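Biologist: I'm new to this one, and I'd like a close look at a single part rather than a quick tour. Please pick one residue, tell me what is around it, and work outward from there.

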Amino acid sequence: MNEEQFKQNYKKAVSHMKTNEQMKKRVEQALNTQHQGPKRQRKPLYIAASVVIAASIGLAAPSVWQQFNGPATPTPQVAEVTPGASFDPIVIPKMELPDSQGKGAMADMMQLVVYGGNIYTQSPTLLEGANALDLRGEKLGTTTGGIDELSGQDKYTELASNIGEADIYAVNGYDKDFRIMSYTEIDGQVYAQLFDKNNGITIGTGADLIGKLHLEGNVASAQWETFDSWNNGKQQFQPLAADESLESFISALSAAKPIATSPELEENLYGKEDRKMIYLTLEDKTQVPLVLFGEGLVRYGNVPAFLEVEKGAFQSFWNSLGE
């Protein structure tokens with residue numbers, strides 16, 4: 001799909017789903033305020049869509065906008081992790097609903113659905129509409145919309161959302177306690193979106209997070225992209241062999257040490273450009289993006305945890321991607 005097709009489809013989907021206008025305005029306002037660099041010449045609506053996607057894969061952390069004029073990329077310092085070691089688990093608390101005064105509301109730009117008393121947020125994993133039917137499981141209900149950044153606790157009822165009215169389904173092959181999907185057909189065109197519950201969980205190793213994505217043994221094809229390519233919208237995707245080397249890295253990722261996020265850590269990581277993005281297309285056609293940081297850390301979307309991969313495995317894979 002080229003850029004023009006993407007924009008047309010996005011506009012059509014947004015119009016149909018009656019996405020909250022106030023939220024879209026806030027996205028554009030935030031961009032106008034924060035984006036000070038000269039790079040990425042894109043129109044506002046397309047930018048809004050891209051920021052949502054970028055935020056979902058962990059690229060557009062708040063500090064990313066500060067790095068356009070940042071220092072030169074330093075030499076990566078890969079972390080030390082002992083293979084097979086056990087780690088202190090990271091507990092990601094259940095996402096809090098806003099209280100009666102509205103405190104604790106969701107991030108302004110994050111799309112969400114309330115299901116089973118939990119909050120599912122927009123998944124970093126992508127799924128083309130044409131491939132969604134095969135993954136569509138049992139129908140779970142229809143969202144009601146109505147949530148925005150000013151909504152109080154009383155608005156967070158079952159199947160409330162900020163995506164408008166859409167049918168919600170289980171996803172074949174995935175635990176609905178982790179992943180659900182919206183599925184809408186407009187003039188024969190399918191629009192599907194995945195939502196993950198990455199809160200109210202404990203991460204003892206990378207497997208507790210990455211394992212839910214079913215990466216091991218299921219990668220059909222892969223690509224990677226330099227930070228410069230992503231940052232400048234070049235879309236210079238490079239082939240990545242779905243071979244034993246990649247499987248070995250995924251195994252190391254499953255055994256990785258979880259590191260909780262902190263403002264200091266994010267400022268350090270996102271203040272540099274030594275990042276590489278990999279895109280793993282699985283046998284079920286879902287596309288999983290992962291962000292690799294030169295320090296030896298990997299992140300999936302905006303999950304508030306990094307995975308510290310064993311030094312040798314990370315460095316070998318990092319080097320194999322090239323510059």
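Modeller: Let's start with Lys276, which is buried, with a relative accessible area of 5%. The cut-off for buried is under 20%, so Lys276 falls within it. Keep in mind as we go that this is a predicted model.

Where does Lys276 sit? Its place is in strand E12, a stretch that covers residues 275-282. What does its side chain meet in there? A polar atom of the Lys276 side chain lies 3.0 Å from the backbone oxygen of Trp318. Leaving aside residues up to four places away in sequence, Lys276 touches Trp224, Glu225, Leu290, Val291, Leu292, Trp318, Leu321 and Gly322. Several of these names will come back, so let's follow them.

Take Val291 to begin with. Strand E13 spans residues 287-293, and Val291 in E13 is the bridge partner of Met277. That bridge belongs to the pairing of E12 with E13, which is antiparallel and runs over seven bridges. The two strands form a hairpin with four residues between them, and in that hairpin Lys285 takes a positive phi near 80°. How much of E13 is covered? Six of its seven residues are buried, so the strand is mostly covered.

E13 has another partner too. Strand E14 takes in residues 297-299, and E13 pairs with E14 in the antiparallel sense over three bridges. Here Val291 turns up again, standing opposite Arg299 in E14. Put those together and Val291 is matched with Met277 as well as with Arg299. E13 and E14 also make a hairpin, this time with three residues between them. Gly296, in the turn of that hairpin, has a positive phi of about 100°.

Now for Trp318, the residue whose backbone oxygen meets the Lys276 side chain. Helix H9 runs over residues 311-320, and Trp318 is buried in it, as are Phe314 and Phe317. These three cover an arc of only 100° around the axis, which puts them on the same side of H9. What do the buried residues of H9 pack against? They pack against strand E10 (238-240), helix H7 (244-254), E12, E13 and E14. So the strands we have just walked through are on that list, because E12, E13 and E14 all have heavy atoms within 4.5 Å of those buried residues.

The ends of H9 are worth a look as well. At the start of the helix, a side-chain oxygen of Glu310 reaches to within 2.9 Å of the backbone nitrogen of Gly312. After H9 comes Gly322, whose phi is positive, near 80°. Gly322 is also among the residues that Lys276 touches.

Stepping back from this corner, here is the rest of the chain for context. The protein chain has nine helices and 15 strands. Of its 323 residues, 50% count as buried. The accessible surface comes to about 15,100 Å², and 48% of that belongs to carbon and sulfur atoms. Among contacts between residues at least 6 apart in sequence, 70% join residues at least 24 apart.

Lys276 is a buried lysine, so you may wonder how charged side chains are placed elsewhere. The count of salt bridges comes to six. One of them joins Arg179 and Asp196, with the closest N and O atoms 2.8 Å apart. That pair links distant parts of the chain, since Arg179 is in strand E6 (residues 179-186) and Asp196 in strand E7 (residues 189-196), 17 residues apart. Both ends are covered: Arg179 is buried at 1% relative accessible area, and Asp196 is buried at 0%.

Another salt bridge brings together the side chains of Asp167 and Lys139, at 3.4 Å from N to O. Asp167 lies in strand E5 (residues 167-171) and Lys139 in strand E4 (residues 136-142), so this pair ties together parts that are 28 residues apart in sequence. Asp167 counts as partly exposed at 24% relative accessibility, and Lys139 is partly exposed at 47%. Lys234 and Asp228 form a salt bridge as well, with their closest N and O atoms 2.7 Å apart. Lys234 is partly exposed at 41%, and Asp228 is partly exposed at 38%.

Definitions and conventions
Residues are numbered from 1 along each chain as its sequence is written. Side-chain values use heavy atoms; hydrogens and water are left out. Buried means under 20% relative accessible area, exposed over 50%, partly exposed in between (1.4 Å probe, protein chains only). Accessible areas come from the Shrake-Rupley method with a 1.4 Å probe; for residues, only the protein chains shown count as cover. Two strands pair if DSSP finds at least two bridges between them. The arc is that of the directions from the helix axis to the C-beta atoms. A polar contact is a pair of N or O atoms within 3.5 Å; within protein, one must be able to donate a hydrogen and the other to accept it, and residues adjacent in sequence count only if both atoms are side-chain atoms. A salt bridge is a side-chain nitrogen of Lys or Arg within 4 Å of a carboxyl oxygen of Asp or Glu.
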